[in-house]
Amino acid sequence: MKVLFINGSPRKNGCTYTALHEIEKILNEEGIETEYVNGPSNVSPCMVCEYCHGKERKGCVKNDIVNETYAKLDECDGIVVGTPVYYAGPSGSLKCFLDRLFYSYPNKSTLNLKAAASISNSRRGGNITSNDVVTRFFSISGMTVITSTYWNDVHGEEPEDVLKDEEAMQTMRNLGRNMAYYIKARKFAKENGIEDPAIEKGKYTNFIR
Ligand SMILES: Cc1cc2nc3c(=O)[nH]c(=O)nc-3n(C[C@H](O)[C@H](O)[C@H](O)COP(=O)(O)O)c2cc1C
């Protein structure tokens with residue numbers, strides 16, 4: 001069992017990491033491995049070249065950190081994306097990274113029912129809208145959004161501020177517990193003959209036909 005952490009801050013060990021690490025500690029205690037994709041901070045946007053949707057499904061034409069993440073997504077049972085809040089939204093490069101990752105990932109159907117959560121750090125405000133943007137990548141992909149005991153919001157300008165935000169830290173730990181529970185329950189279900197639902201495919205109609 002493994003969870004992939006994506007840290008959308010250019011500050012590798014900053015506030016966002018501090019919050020992610022609080023979740024990570026619980027997952028590790030629960031026997032779940034963790035891995036990071038750190039600071040996709042120089043990621044360029046999707047060019048809509050559609051190379052990734054060609055017959056061979058080779059992934060993104062840019063062949064960078066996005067492509068390096070496919071294998072990590074393949075092998076994980078859940079993901080946690082953390083973002084700093086920039087103007088009440090996720091960091092721009094994280095948005096570019098997620099656009100290209102979710103659009104070009106060759107094994108998209110395997111995301112169905114995988115655990116996913118978004119957390120964000122701001123100095124003062126804008127977390128709700130930032131988490132909304134990130135969470136939409138999960139809900140369009142059939143992932144199971146793991147929640148906690150309050151909003152997944154953490155506050156600070158420096159990591160030591162985050163540690164003082166005691167309720168936020170508690171929320172992170174409970175998120176880790178809920179995610180561990182879900183991942184274990186899903187594994188148990190599979191081992192006991194409860195298969196993932198058969199998903200219907202093939203229809204692709206634009207809104208205006
Ligand atoms: C471009 C930019 C925009 C920001 N916008 C906001 C904002 O809308 N609300 C807020 O509370 N903090 C804002 N901040 C502060 C960041 O949220 C804060 O520095 C960051 O979450 C720290 O996390 P990190 O150490 O992981 O980078 C902004 C910072 C930058 C650089």
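Me: Which residue in β2 is the bridge partner of Phe5?

Reply: This is a predicted model, by the way. In it, Phe5 has Tyr36 of β2 as its bridge partner. That pair belongs to a bigger picture: strand β1, residues 2-7, and strand β2, residues 33-38, run parallel and are joined by six bridges.

Me: How does the chain get from β1 to β2, and what is the handedness of that crossover?

Reply: Follow the backbone out of β1, through helix α1 (residues 15-29), and into β2. That β-α-β crossover is right-handed.

Me: Where do the axes of α1 and α6 stand relative to each other?

Reply: Helix α6 covers residues 166-191, and its axis comes within 8 Å of the α1 axis, with the two crossing at roughly 40°. Angles under 35 degrees would count as roughly parallel, so α1 is oblique to α6. As for handedness, α1 passes α6 in a right-handed crossing.

Me: Now the ligand. How many residues surround it, and which are the closest?

Reply: Count 17 residues around the ligand, with Ser9, Gly14, Thr16, Pro84 and Ser122 the closest. Two elements, α1 and β4 (115-122), each give two or more residues to that shell.

Me: What is the chemical make-up of the shell around the ligand?

Reply: Sort the shell residues by type and you get six nonpolar, seven polar and four charged.

How values were computed:
Residues are numbered from 1 along each chain as its sequence is written. This is a predicted model: local features need pLDDT of at least 70, side-chain atom pairs count only at pLDDT 80 or more; totals for chains, interfaces and linings use all residues. Two strands pair if DSSP finds at least two bridges between them. Helices (H or I, at least four residues) and strands (E, at least two) are DSSP runs, numbered from the N terminus. A crossover is right-handed if, with the strands pointing away from the viewer, the path from the first strand over the helix to the second runs clockwise. A residue is near a molecule or strand if its C-beta atom, placed from the backbone, lies within 6 Å of it. Ala, Val, Leu, Ile, Met, Phe, Trp, Tyr, Cys and Pro count as nonpolar, Asp, Glu, Lys and Arg as charged, and the others, Gly among them, as polar. Axes are lines fitted to C-alpha atoms, for helices over the stretch in contact, and angles run from 0 to 180 degrees between N-to-C directions. Angles under 35 degrees count as roughly parallel, over 145 as roughly antiparallel, 65 to 115 as roughly perpendicular and the rest as oblique. A crossing is left-handed if the near helix is turned anticlockwise from the far one by less than a right angle, and right-handed if clockwise.
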